[in-house]
Each structure stands twice: as structure tokens, then as C-alpha cells.
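Welcome! Take a moment to look over the model, and then let us walk through it together, beginning with one residue and ending with the whole chain.

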Amino acid sequence: MVRLFTALTLPPDVGETLKRRQSGLPGARWRPLDALHVTLAFYGETDERHADDLASELARVAGGPFEIGLKGVGAFGDNHRSHTIWAGVETPNERLSVLAGRCRKAGERANIPMEARDYRPHVTLAYLKTQTNPDRIGAWLAGHNLLHSPPIRIDRFGLYSSVLTDGGSHYELEREYLL
């Protein structure tokens, strides 16, 4: 079994800009530079046969290059407790939504059960420990909410495997697809 997802990688200059913001919040487990990406679709644990089928289906995804921009920061959470800090993708971005939808459909055609959740494009910057002070989270968000990247040209996406470790997830590019 292999844990798979499709994602857009960020150019090194954008990654470095995000990396410089990853400080000043006790309780944050900041994601390493090589883990900063925009997820398109998450497929979860998949056997080798379905993974091969998915790789073939993804080769049919097309659409041509387009641009995205990062804008603002925020937090995901539940029960009034934040667990993830993220940088947002400027919306609306129809080309990105179409690409994510095509990646999702590729998973369905490969007979991979897909989660039923709305697509909310973002870059995960940190996972938060449960004891992270909510006031500090709010202050960090307020201090970084003016994030706005220059346009980022997207001309490819990747199929990644993910291995969960004690130090967080480790991602490996399995295949790359040109748009």
C-alpha cells in the first residue's frame, strides 16, 4: 500500500519567502521547504494496481499552463482549536479548480474512493500542538495576513507518495505531468 496525492510544487523563491515567515509561534511544527505545496487531490492508501491505474489516468489530465498567486494566511481547526496554519491561494482561480477536479476524476476512474470535501487550495505552513496558545495563533495570523505573492506560473503537477513518520510526513515525487 502506498499513500498518494497530487500537488503543485512551489518555485524556490516562493518557498523561501514562505519559509521566512515560519517563526514566532511557539507550538508550531513548521513544514520543511520541500514539503510546501498546493494539494490538488488526496487519494489515501492505495494498492499498487490502483496506483498504476491512477498514474495512467493522470497522464490524460491536460489543460495548459496557468498562474496562481498566494494571498493571506489562516488556520484550520475544530472545536475552537486551530490545528493547521496555512497560506491561501488567491481565489477565484477557475483553472486551478478545473485541474483539481480533473485529478479527482482521475482517482474515481482508477476506482479509488475519494473523500467528499470541498476543494480549498492552500499551502500548509505548520501543524499546531494542542497546547498552542490561541492568542499567539491570532497574533501570528494578524502579523502575516498581508502575504501576497507575485504570479506563480504552473506548467506541471506531480503524483506524490507520503510516508508518515514521527517527525511528520515525508513526500516523494513519483511522477510528474506537464500541462
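Our starting point in this predicted model is asparagine 93, which is buried because its relative accessible area is 14%, under the 20% cut-off. You will find asparagine 93 in the loop between strand 6 (81-89) and helix 3 (94-109). Its side chain reaches the backbone oxygen of glutamate 67 at 3.0 Å. Leaving aside residues up to four places away in sequence, asparagine 93 touches Phe66, Glu67 and Ile68.

From that loop, step back into strand 6, which has partners in two other strands. The table sets the two pairings side by side.

| Pair | Sense | Bridges |
|---|---|---|
| Strand 5 and strand 6 | antiparallel | seven bridges |
| Strand 6 and strand 7 | antiparallel | five bridges |

Where strand 5 meets strand 6, glycine 77 has serine 82 in strand 6 as its bridge partner. These two strands form a hairpin with two residues between them. In the turn sits asparagine 79, with a positive phi of about 50°. Elsewhere, glycine 88 stands opposite histidine 122 in strand 7.

The strands also lead us to helix 1. Which residues of helix 1 (residues 12-20) are buried? They are Val14, Gly15 and Leu18. These residues lie on the same side of helix 1, because they cover an arc of only 100° around the axis. A general rule of helices helps here: an α-helix has 3.6 residues a turn, so residues three or four places apart point the same way. The cover over the buried residues of helix 1 includes strand 5 (70-78), strand 6, strand 7 (122-128) and strand 8 (152-154). On the face turned away from the buried side, helix 1 carries the exposed residues Pro12, Asp13 and Arg20.

Now zoom out to the whole protein. Its secondary structure comes to four helices and 10 strands, and from the N terminus the elements run β-α-β-β-α-β-β-β-α-β-α-β-β-β. The radius of gyration is 16 Å, close to the 16 Å that the globule rule gives for 179 residues, so the protein is as compact as a globular protein of that length. Along the principal axes, the C-alpha atoms fill a box of roughly 45 × 35 × 25 Å.

Of the 179 residues, 45% count as buried. Among contacts with a separation of 6 or more, 76% are between residues 24 or more positions apart. Finally, the accessible surface comes to about 10000 Å², and 49% of that belongs to carbon and sulfur atoms.

Conventions
Residues numbered from 1 in each chain as written. Predicted model: local features only at pLDDT ≥ 70, side-chain atom pairs only at ≥ 80, totals over all residues. Heavy atoms only, no water. Buried < 20%, exposed > 50% of the residue type's maximum accessible area, 1.4 Å probe, protein only. Polar contact = N/O pair within 3.5 Å; in protein donor to acceptor, adjacent residues only side chain to side chain. Contact = heavy atoms within 4.5 Å. Arc of directions from axis to C-beta. Pairing = 2+ DSSP bridges. Rg over C-alpha atoms; globule rule 2.2 N^0.38 Å. Areas by Shrake-Rupley, 256 points an atom, 1.4 Å probe, with all protein chains shown as cover.
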